[in-house]
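Student: I would like a close look at a single part of this structure. Please take one helix, and then go through what surrounds it.

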Amino acid sequence: MNVPSASEPHVMPTYGRLPVALSHGQGCWVWDTEGRRLLDALGGIAVNTLGHNHPRLVPALQDQLTKLIHTSNYYRIPLQEQLAAKLCELSGLANVFFCNSGLEANEAALKIARKFGHDRGNTSPEVIVFEGAFHGRSLATLSATANPKIQAGFAPLVPGFVRCPLNDIPAVEAALAAHPNVTAIFLETIQGEGGINPARVEFLQALRRLCDERDLLLMLDEVQCGIGRTGKWFAHQWAGIRPDVMPLAKGLGSGVPIGAVVCGPRAAGVLTAGNHGTTFGGNPLAMRAGVETLKIMEEDGLLANAEAVGATLRGALAEGLAGVAGVVEIRGQGLMLGIELDRPAGPLLGQALEAGLLISVTADRVVRLLPPLILTHDEARQIATLLVPLIKALLAQPKP
Ligand SMILES: *Cc1c(COP(=O)(O)O)cnc(C)c1O
């Protein structure tokens with residue numbers, strides 16, 4: 001990992017890449033430069049909501065390219081207003097700030113949490129974050145992240161974070177008692193990089209109550225689990241609650257870079273002119289991608305598809321792996337699934353590639369599946385057919 005590569009000497013070695021280059025895709029399938037077809041169970045890390053070369057997204061983007069790609073935020077951008085209105089309709093929240101990525105959305109959320117404090121005379125606001133969290137790789141978001149590997153080498157970290165275990169309300173209450181300057185509670189509704197760890201429904205509901213009682217912001221990072229992946233527009237909707245601040249990114253543009261911070265009434269007025277900005281954020285091309293993605297998701301019933309095909313995929317995995325020693329748990333929701341093993345799952349990445357399947361491994365021992373939401377039942381069964389024998393073979397070896 002992370003050694004200069006003979007084949008890409010001028011690309012900074014920030015990734016240990018698999019030895020494959022992809023050339024094109026269609027639906028849930030991609031082809032490598034040798035002409036091999038691969039089944040995409042990763043979707044560009046929960047980004048390619050509509051798969052590849054979607055027959056309605058691509059012409060819409062082509063149309064947009066001939067009109068405007070970028071104008072700057074000095075002028076009104078009607079597509080931005082349209083996408084903001086749609087996100088507010090789907091979430092029940094009030095307004096939106098657009099940016100270009102997940103970490104940018106989370107940075108904006110953290111700035112909102114701080115300014116929310118300052119507006120109330122609290123000049124050293126703190127934010128409660130959680131074990132297992134991943135929020136990005138900027139200095140503030142890597143400080144909010146729980147992974148020491150991501151933080152190593154980048155101290156001093158940004159101060160102002162208080163960490164609690166996930167799904168532990170007494171721990172959050174104790175942290176609030178010990179840290180009166182806390183202005184926000186910030187978590188992923190389902191942790192992605194941390195290994196597909198859901199915040200429990202009762203936990204989310206209790207956090208909502210705590211935030212209401214104490215005038216705090218509940219900030220739910222739905223960068224990975226949002227935009228239909230779990231079978232609802234936003235994963236927190238399974239708990240019947242609303243956040244005050246919701247960062248989004250990954251799947252919102254079906255591959256075109258985009259980020260958004262959606263705010264409810266308590267947070268919507270915190271940032272005003274001069275407080276925050278971005279050159280590229282909210283540009284017409286990215287906004288068109290977002291508008292069309294949400295429209296196609298509605299027209300094609302992709303929430304219901306994520307739920308139903310997710311159940312097929314989970315069922316096929318559970319059946320194939322039933323009774324296999326070393327499978328700790330299969331968890332997640334819709335088309336955001338993790339298979340936790342009792343040992344490092346890294347070897348599966350290359351083996352899956354050889355078998356014609358793109359997957360991810362996260363938190364060392366968790367096989368993670370984040371396929372496009374257009375996945376069919378048949379493709380879900382094919383994923384399980386390709387993956388199950390590889391997992392069984394890995395687990396049949398002596399545990400390292
Ligand atoms: C991917 C991810 C981010 C960071 O998004 P980038 O676009 O890579 O900056 C933040 N939060 C969560 C939950 C993510 O999954």
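**Helix 9 and its surroundings**

Tutor: Of the 16 residues of helix 9, 13 are buried, so this helix is largely enclosed by the rest of the structure. Bear in mind that the model is a predicted one.

Start with the length of helix 9. It covers residues 284-299, and at 1.5 Å a residue its 16 residues should span 22 Å; the C-alpha atoms at its ends are 22 Å apart, which agrees.

Next, look at the two ends. At the start of helix 9, Asn283 brings a side-chain oxygen to within 3.1 Å of the backbone nitrogen of Leu285. After the helix comes Gly301, which has a positive phi, near 60°.

Now turn to what touches this region. His54 sits in the loop between helix 1 (43-46) and helix 2 (57-67). Leaving aside residues up to four places away in sequence, His54 touches Pro59, Ile296 and Asp300; Ile296 falls within the residue range of helix 9. With a relative accessibility of 7%, His54 counts as buried, because the cut-off for buried is under 20%. The side chain of His54 also reaches the backbone nitrogen of Leu57, at 3.3 Å.

Helix 10 (residues 302-320) is another neighbour. It has 19 residues and reaches 26 Å from first C-alpha to last, close to the 27 Å expected at 1.5 Å a residue. Its buried residues include Leu302, Leu303, Ala306, Val309 and Leu313. The buried residues of helix 10 pack against helix 9, and also against strand 13 (327-333), strand 14 (336-341), strand 17 (366-369) and helix 12 (377-396).

Helix 3 (residues 78-91) also meets helix 9. Its 14 residues reach 20 Å from the first C-alpha to the last, close to the 20 Å expected at 1.5 Å a residue. Among the buried residues of helix 3 are Leu79, Leu83, Leu87 and Leu90, together with Lys86 and Ser91. The buried residues of helix 3 pack against helix 9, helix 2, strand 4, strand 11 (245-248) and strand 12. Helix 3 is followed by Gly92, with a positive phi near 75°.

Two of those partners, strand 4 (95-99) and strand 12 (259-263), lead on to a pocket. The second largest pocket holds about 240 Å³ of space. Strand 4 and strand 12 are the elements that give two or more residues to its lining. Strand 4 supplies the largest share, 3 residues. In total 14 residues line this pocket, and those nearest its centre are Val96, Phe97, Leu271, Thr272 and His276. By class, the lining has 10 nonpolar residues, 4 polar residues and no charged residues.

For contrast with the buried residues, take Ser23, which is found in strand 1 (residues 22-26). Its relative accessibility is 44%, so Ser23 counts as partly exposed. The side chains of Ser23 and His24 are joined by a polar contact of 2.7 Å. Apart from residues up to four places away in sequence, Ser23 touches Trp31, Asp32 and Thr33.

To return to the starting point, helix 9 is largely enclosed, since 13 of its 16 residues are buried. The buried residues of helix 10 and those of helix 3 pack against it, and His54 touches Ile296.

How values were computed
Residues numbered from 1 in each chain as written. Predicted model: local features only at pLDDT ≥ 70, side-chain atom pairs only at ≥ 80, totals over all residues. Heavy atoms only, no water. Helix = DSSP H or I, 4+ residues; strand = E, 2+ residues; numbered from the N terminus. Expected span 1.5 Å × (residues − 1). Buried < 20%, exposed > 50% of the residue type's maximum accessible area, 1.4 Å probe, protein only. Polar contact = N/O pair within 3.5 Å; in protein donor to acceptor, adjacent residues only side chain to side chain. 1 Å grid on protein atoms, 1.4 Å probe; cavity = no way out; pocket = protein on both sides within 12 Å on 5 of 7 lines; lining within 4 Å. Points joined across faces, edges and corners; volume = space filled by probe spheres on them. Nonpolar A, V, L, I, M, F, W, Y, C, P; charged D, E, K, R; others polar. Contact = heavy atoms within 4.5 Å.
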